[in-house]
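The following exercises ask you to read a structure step by step, and each task is followed by a worked solution. Keep the sequence and the three-dimensional view at hand while you work.

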Amino acid sequence: MEKPLRLGISSCLLGNNVRYDGGHKLDRFIRDTLGKYVEFVPVCPEVECGLSVPREAMRLVGDIEAPRLRTIRSGVDLTEQMQNWAAEKNAWLAEQNICGFIFKSKSPSSGMQGVKVYSEKGMPQQKGVGIFAKAFMTRFPDIPVEDDGRLHDPGLRENFIERIFVMRRWQDVVAAKPALAPLVAFHSQHKYLLLAHSTKHYQEMGRLVAHAADTDREQAFAKYAHLLAEALQMRTTKAKLYNVLEKSMGHFKKELSAWEKQELLDVFRRFKEGQLPLIVPIILLNHYIRKYDEPYLREQYFFHPHPLELKLRNYS
């Protein structure tokens with residue numbers, strides 16, 4: 001990519017000492033591994049809204065849907081201060097071309113889900129959303145988000161990183177609008193990747209692309225972006241991936257011998273049954289794509305959605 005993939009992130013996850021106790025929550029995979037392929041835009045809501053390091057700890061209190069942000073010991077209400085800052089920060093982030101955001105889990109400012117909200121009697125429910133995280137997700141509903149805790153799950157990690165790389169490529173399409181050729185190419189090149197998530201969404205997006213010339217371009221691009229985000233949020237399954245692998249093999253029906261076809265089908269079956277990770281059939285298909293210089297599959301991002309060095313398809 002000519003331009004960097006920019007990723008918003010809670011500053012403490014990069015090892016910055018901005019926590020209430022003066023510490024950090026460094027995540028080495030995020031900083032040292034993913035960091036080789038992205039440009040981080042660090043954000044610390046507490047410090048940036050005017051609080052000190054160290055500072056009194058705070059928590060969410062009251063209504064689950066609209067909690068207040070208060071310091072634990074002195075009970076100072078920081079809700080409006082945080083909300084006002086968040087509105088200004090999101091206006092700034094809108095100009096930064098970020099492709100996603102990684103939040104600090106369980107944080108009363110940055111937790112994207114499962115944050116403790118305390119009743120007035122001090123009883124917690126782990127159903128809240130941090131003040132800044134909620135404002136961000138409301139302002140940018142189609143931008144991929146995750147938290148550091150959920151990224152420890154291999155499937156969620158791959159899904160999020162796949163989405164941010166798709167978002168980066170989508171930014172190039174948006175930059176070229178109202179031209180339709182980049183939109184058509186994007187949709188074609190992401191066919192198998194989208195089918196691995198949702199056939200229904202892929203078909204609806206196809207109809208949108210087919211009629212884009214006859215509709216308002218701005219609305220068409222906005223609708224496509226929303227459908228794209230919805231589709232990629234749907235988790236892939238072994239059954240959906242198996243179907244995509246079979247469709248891919250169909251491009252070699254004239255080139256492969258009966259033995260080679262059977263070998264591919266055996267590998268696909270073993271993947272579907274959980275005996276092999278996805279990377280094995282992908283590597284085998286990539287071999288045939290290169291060997292026979294298959295033009296359509298060569299352009300499909302399903303076979304190279306993110307850098308191989310991240311090892312995201314190595315789990316079964």
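**Exercise 1: A salt bridge between two helices**

In this predicted model, the side chains of Lys89 and Glu48 form a salt bridge, with 2.8 Å from N to O. Determine which helices hold the two residues, and decide whether Lys89 is buried or exposed.

Solution. Begin with the positions: Lys89 lies in helix α3, while Glu48 belongs to helix α2, which covers residues 45-48. The two residues are 41 residues apart, and the pair therefore links distant parts of the chain. Next, turn to accessibility, where a residue under 20% relative accessible area is called buried. Lys89 has a relative accessibility of 13%, so this residue counts as buried, whereas Glu48, at 33%, counts as partly exposed.

**Exercise 2: A salt bridge within one helix**

Find out how Arg28 and Asp32 are placed relative to each other in helix α1, and state how exposed Arg28 is.

Solution. First, note that Arg28 forms a salt bridge with Asp32, in which the closest N and O atoms are 3.9 Å apart. Then consider the spacing: because the two residues are four residues apart in helix α1, about one helical turn separates them. Finally, compare the accessibilities, for Arg28 is exposed at 54%, while Asp32 is partly exposed with a relative accessible area of 32%.

**Exercise 3: A buried pair**

Which parts of the chain are linked by the pair Arg313 and Glu158?

Solution. The side chains of Arg313 and Glu158 meet in a salt bridge of 3.3 Å from N to O. Arg313 is in the segment after α13 (295-298), and Glu158 is in helix α5, residues 154-176, so that distant parts of the chain, 155 residues apart, are linked. Both Arg313 and Glu158 are buried.

**Exercise 4: The order of a sheet**

In the open sheet of four strands, work out the strand order and identify the edge strands.

Solution. The order is β2-β1-β5-β8, and the pairing is parallel. The edge strands are β2 (39-43) and β8 (145-147), each of which pairs on one side only. Moving inward, β1 and β2 are paired in the parallel sense over five bridges, and within this pairing Gly8 has Val41 in β2 as its bridge partner. The chain passes from β1 through α1 to β2, which makes a right-handed β-α-β crossover. On the other side, three bridges join β1 (residues 6-10) to β5 (residues 98-103), and Arg6 stands opposite Ile98 in β5.

Terms used:
Residues are numbered from 1 along each chain as its sequence is written. This is a predicted model: local features need pLDDT of at least 70, side-chain atom pairs count only at pLDDT 80 or more; totals for chains, interfaces and linings use all residues. Side-chain values use heavy atoms; hydrogens and water are left out. Two strands pair if DSSP finds at least two bridges between them. A crossover is right-handed if, with the strands pointing away from the viewer, the path from the first strand over the helix to the second runs clockwise. A salt bridge is a side-chain nitrogen of Lys or Arg within 4 Å of a carboxyl oxygen of Asp or Glu. Buried means under 20% relative accessible area, exposed over 50%, partly exposed in between (1.4 Å probe, protein chains only).
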